[in-house]
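The following paragraphs lead the reader through one protein chain, beginning with its strands and ending with individual residues. Please keep the structure in view while reading.

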Amino acid sequence: MTIKPLGDRVLVEPAKAEEVVGGIIIPDSAKEKPLKGIVKAVGNGTKDEQMQVQAGDTVLYGKYAGTEIEVDGDKLLMMRQSDILAIVINA
């Protein structure tokens, strides 16, 4: 299934939750929710807001940003561009 966000919305694939290594098993419910992800699709923007992110960008977003949706078994986040805090630039 293909999803095309509308307006200023962005579809983000969250990074996998990191596990602490050291012999302690951490249940999924106790793992930190990732705050970084990869943009999968973007809307066209609005007349008041031009889109600054594009598909393939790695972004940082707020802890409670977006709405979780499931597409073809993958958990994705649909959020407004304004929920994105920064674009990660690998230097």
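Two strands pair if DSSP finds at least two bridges between them. In this predicted model, β4 and β5 meet that criterion, because 5 bridges join these antiparallel strands. Strand β1, covering residues 9-14, is likewise antiparallel to β5, to which 4 bridges join it.

These pairings belong to a wider arrangement. The chain contains 6 strands and 0 helices, and its elements follow one another from the N terminus as β-β-β-β-β-β. Together, 6 strands make up an open sheet with antiparallel pairing, in the order β4-β5-β1-β2-β3-β6. Its edges are formed by β4 (67-71) and β6, each of which pairs on one side only. From one strand to the next, the twist averages 45°. Of contacts between residues at least 6 apart in sequence, 65% join residues at least 24 apart.

The connection between β4 and β5 deserves a closer look. The two strands form a hairpin with 2 residues between them. Val71 stands opposite Asp74 in β5. Asp72 lies in the loop between β4 and β5 and has a positive phi of about 50°, although it is not a glycine. Is Asp72 buried or exposed? Its relative accessible area is 59%, and Asp72 is therefore exposed, the cut-off for that class being over 50%.

On the other side of the hairpin's second strand, the register between β1 and β5 can be followed through individual partners. Val10 has Met79 as its bridge partner in β5, and Val12 has Leu77. These four residues also belong to the largest nonpolar core, which has 12 residues: Val10, Val12, Val39, Val42, Met51, Val53, Val59, Tyr61, Ala65, Leu77, Met79 and Ile84. The elements that give two or more residues to this core are β1, β2 (36-42), β3 (58-61) and β5. A second, separate core has 5 residues, among them Leu11, Ala41, Val71 and Met78. Val71, the residue opposite Asp74 in the hairpin, is thus listed in this second core.

Ile84 illustrates how members of the largest core meet. Apart from neighbours within four places in sequence, Ile84 is in contact with Val10, Val53, Val59, Leu60, Tyr61 and Met79. Of these contacts, Val10 and Met79 are bridge partners across β1 and β5.

A polar residue, Gln81, can be examined in a similar way. Gln81 is located in the loop between β5 (74-80) and β6 (84-88). Which side of the burial cut-off does Gln81 fall on? Its relative accessibility is 7%, so Gln81 counts as buried; the limit for that class is under 20%. Leaving out residues up to four places away in sequence, Gln81 touches Asp8, Val10, Glu49, Gln50, Met51, Gln52 and Val53. Among these, Gln50 offers its backbone oxygen, which the side chain of Gln81 reaches at 3.2 Å. Val10, Met51 and Val53 are also members of the largest nonpolar core.

Finally, the surface may be considered for the chain as a whole. Of its 91 residues, 29% count as buried. The accessible surface comes to about 6,700 Å², and 51% of that area belongs to carbon and sulfur atoms.

Definitions and conventions
Residues are numbered from 1 along each chain as its sequence is written. This is a predicted model: local features need pLDDT of at least 70, side-chain atom pairs count only at pLDDT 80 or more; totals for chains, interfaces and linings use all residues. Side-chain values use heavy atoms; hydrogens and water are left out. Buried means under 20% relative accessible area, exposed over 50%, partly exposed in between (1.4 Å probe, protein chains only). A polar contact is a pair of N or O atoms within 3.5 Å; within protein, one must be able to donate a hydrogen and the other to accept it, and residues adjacent in sequence count only if both atoms are side-chain atoms. Contact means heavy atoms within 4.5 Å. Axes are lines fitted to C-alpha atoms, for helices over the stretch in contact, and angles run from 0 to 180 degrees between N-to-C directions. A nonpolar core is a set of buried Ala, Val, Leu, Ile, Met, Phe, Trp, Tyr and Cys residues joined through side-chain atoms within 4.5 Å. Accessible areas come from the Shrake-Rupley method with a 1.4 Å probe; for residues, only the protein chains shown count as cover.
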